[in-house]
Structure formats: C-alpha cells, structure tokens
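Got the viewer open and a selection box ready? Here is a walk through the model, one stop at a time.

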Amino acid sequence: MSARRWAAVATATVLAAGSAALAGAGSAHATEEEGSAGAVVLRTGLDVSLLNKTVHAPLSVTLNEVRAPHSARQTALTATLDGVDGGKPFTVLRAEVAEARATVEGERAESSATLAKARVHLPGLPLLGLIEVEKISSRAVCEAGRTPLASATLPGSVTVLGKHVKLTSGGPSEVKVPGVGEVRLDLSKTETTSRTAAATALHLKVSVNPLKLNVAEVEGTVTLAEATCEAPGVGVEPQGARAGEAVAPADQEPAEKEANLAETGGDAMTPYVAAGAVALLALGGGAVAVSRRRRG
C-alpha cells in the first residue's frame, strides 16, 4: 500500500507542476500606450533680487500652458511681487495673439503655440521691454508608426532691451546693454526621437541689473512658444519565464528549436507526460512486488 500511495503522490505532484508551469507561461499580448501633447506660450523661471540683496523673489509664471485635449487663447499676463514697486501688479506679457493648442486623437498627438505682436517685461524695467517679437510659433506632431515632426518659425529680427537684433540660424545671439544687462537667445530648438517631438521658438537666458523699483538683479530663463508630443504606441509584452524556469539560450535560432522538437517528436508537454509515465510505472512495479510477497 505504501508503494501505491507513494506513486499516486508522485503522479499528482508531477501533473500539478506541469499545469502550473503551463499556466504561468502565458501568452504574449499587446499593450496600448496613450499618446500625449502639451504647449505653452510663455514660461518664466526668474529670480528677482531686491536692492538689499537679502530678499529673493522668484518669478515663475506661465501663460496658456495646456495638456491634451485642450486649448487656450489669452493675450495678457500680469504678476505681483512683494517688495517690487510696492507690490503693485506689473505686466509680464502683452500680445495681440497668444494661443496654445494640444490634441490627442486616435493614433495622432499634436500641439502648437503661437505668439504675435508680443512684448515681454521684467520687474524693475517698466518702460524697457525684455523682448519684442512680431510673430513666432512652434509645432509638434507625433503619429504612431511615423517619424515625429518638430518645427518652429521666427521673424527676421526681434528687439531685445531696446536693441534691434537680426536673427540667424547660425547659433545663439547675445545682446549686451551697458548699465542694464545681457540676454542670450537660443533660436528654434527642436528635438525628436522615435516617438516624441519638442520644439521651442525662443529660449532666453537673462541677467539684468535694473536698479529701479527696488530691483537689483533679475536672472533666469524665459521660454516662448513651446510645443511637445508623444505618439500613441502599441507594444507587445513578451512571454516571460518565471523564476527558476529554464529558458532557451539567446543564440539558439527558432529553426534549431523546431528541429530539436521534430527529432524527439516532443512538445511543451513532453517532460510532464514522461514524468507521469515514470510514476505510473513505479506504481505498477510496487503492486507486483506486493503481490509476489503475499503469494510467498
């Protein structure tokens, strides 16, 4: 009886292990990844120091920052800073057109930002504009299965701290105004990967010393007309091996694997069928031994 009992337990264990392994192997399945899009007309990251230089007032504002699916159209942005001009609001940006759009539909994600006849101001420089532009725009398009596109358009010239600056594609432009400060302009920056795109029309690095309205220094960055996107995608989650489960060598070709199965006439269930047969054989052998013992 002990031999029968042992063989029955062994058989059940082998069959259970086979079922668990097959259930754990699973099958490959597709996973959908959603696309995204975003745009902003203006973003500032500035640090404003007061005359005593013991107080720093961050100026971090945005105009028309949107995420898909959304759009915004606004032409003015004001801000207030404690200790600057008695805390009165001042205009950071004023434009005739300031628009941002972002959409994701089906397999396509798209965004754009447009700014026209715009003027950006800094605290401490109420009359002198940081930059004046006629029209700038950026656009990013990401579509599943296609190369993402990023583009930006600029006018031939802008006005920075009261100086007329001609824009070229040769690289960044630097503007220095004695007694006021300096500004570095990075033009039409675009980046793309296999699924993403980003475009910025103008990026300014600012360092000015107004010495007016209790403002000693303004340093930081200003971004104008930025658009980004990421294409929707469909990825396949591969069939993975569980911990402790044997896997085929990476350099073994599919044809070689198929040949191995063809030579043995086996498939994924073969090890478990063989193990079950061994257990049943042990059960039969044990029964024969017990029968002979009884006859003797």
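Select V160 and K163 to begin: K163 in strand 13 is the bridge partner of V160. Zoom out a little and you have strand 12, residues 157-160, running antiparallel to strand 13 and joined to it by four bridges. The two strands make a hairpin with two residues between them. Click on L161 in that turn and check the backbone: phi is positive, about 50°.

Before going further, colour by confidence, as this is a predicted model. Mean pLDDT for the protein is 77, with 67% of the residues at 70 or more. Now highlight residues 9-31, where pLDDT stays under 50 and the model has 27 contacts beyond four places in sequence. Do likewise with residues 236-265: pLDDT stays under 50 there too, and the model has 17 contacts beyond four places in sequence for that stretch. Where pLDDT is low, the coordinates should not be read in detail. Hide both stretches if they get in the way.

Back to strand 13, this time leaving by its other neighbour. The loop between strand 13 (163-166) and strand 14 (173-177) is the place of G171. Put a distance label from its C-alpha to that of L187: the two residues are 16 apart in sequence and 7.1 Å apart in space. Is G171 exposed or buried, or something in between? Its relative accessible area is 26%, so G171 counts as partly exposed.

Next, pick S194, in the loop between strand 15 (181-192) and strand 16 (196-208). S194 is exposed, with a relative accessible area of 65%. Leaving aside residues up to four places away in sequence, S194 touches R146 and P148. Add C142 to the selection as well: its C-alpha is 9.3 Å from that of S194, with their positions 52 residues apart along the chain.

Keep R146 selected, as it leads to the charged groups. Show R108, E110, R139, E143 and R146 as sticks, and you have a network linked by salt bridges. One pair to label is E110 with R108, whose side chains meet at 3.2 Å, N to O. Both ends are partly exposed: E110 has a relative accessible area of 22%, and R108 comes in at 32%.

How many salt bridges does the structure hold? The count is 14. Another one to bring up is E99 with R101, at 2.8 Å from N to O. Here the two ends fall into separate classes, with E99 buried at 17% relative accessibility and R101 partly exposed at 44%.

For a long-range example, select R43 and E226, which form a salt bridge of 2.9 Å, N to O. Why is this pair worth a stop? R43 sits in strand 2 (residues 36-50) and E226 in strand 17, so the salt bridge ties together parts 183 residues apart in sequence. Turn on the surface and both residues show up as partly exposed, R43 with a relative accessible area of 24% and E226 with 21%.

Stay in strand 17 (residues 215-230) and move to T223. Unlike the pair you just left, T223 is buried, with a relative accessible area of 8%. Which side chain does T223 meet in a polar contact? Select H203 and you will find the two side chains joined at 3.1 Å. Expand the selection to the contacts of T223 beyond four places in sequence, and you get V41, L42, R43, T200, L202 and H203. So R43 turns up again, this time as a neighbour of T223.

The last stops are for anyone who likes odd backbone angles. Go to A68 and P69, joined by a cis peptide bond with omega about -10°. P69 lies in the loop between strand 5 (66-67) and strand 6 (70-73).

Then jump to D85, in the loop between strand 7 (76-79) and strand 8 (90-105). Phi is near 55° there, a positive value in a residue other than glycine. D85 is partly exposed, at 33% relative accessibility.

Finish at K117, which also has a positive phi, about 45°, without being a glycine. This time the residue is placed in a strand, strand 9 (residues 108-120). With a relative accessible area of 43%, K117 is partly exposed.

Technical notes:
Residues numbered from 1 in each chain as written. Predicted model: local features only at pLDDT ≥ 70, side-chain atom pairs only at ≥ 80, totals over all residues. Heavy atoms only, no water. Buried < 20%, exposed > 50% of the residue type's maximum accessible area, 1.4 Å probe, protein only. pLDDT = per-residue confidence, 0-100. Contact = heavy atoms within 4.5 Å. Polar contact = N/O pair within 3.5 Å; in protein donor to acceptor, adjacent residues only side chain to side chain. Pairing = 2+ DSSP bridges. Salt bridge = Lys/Arg side-chain N within 4 Å of Asp/Glu carboxyl O.
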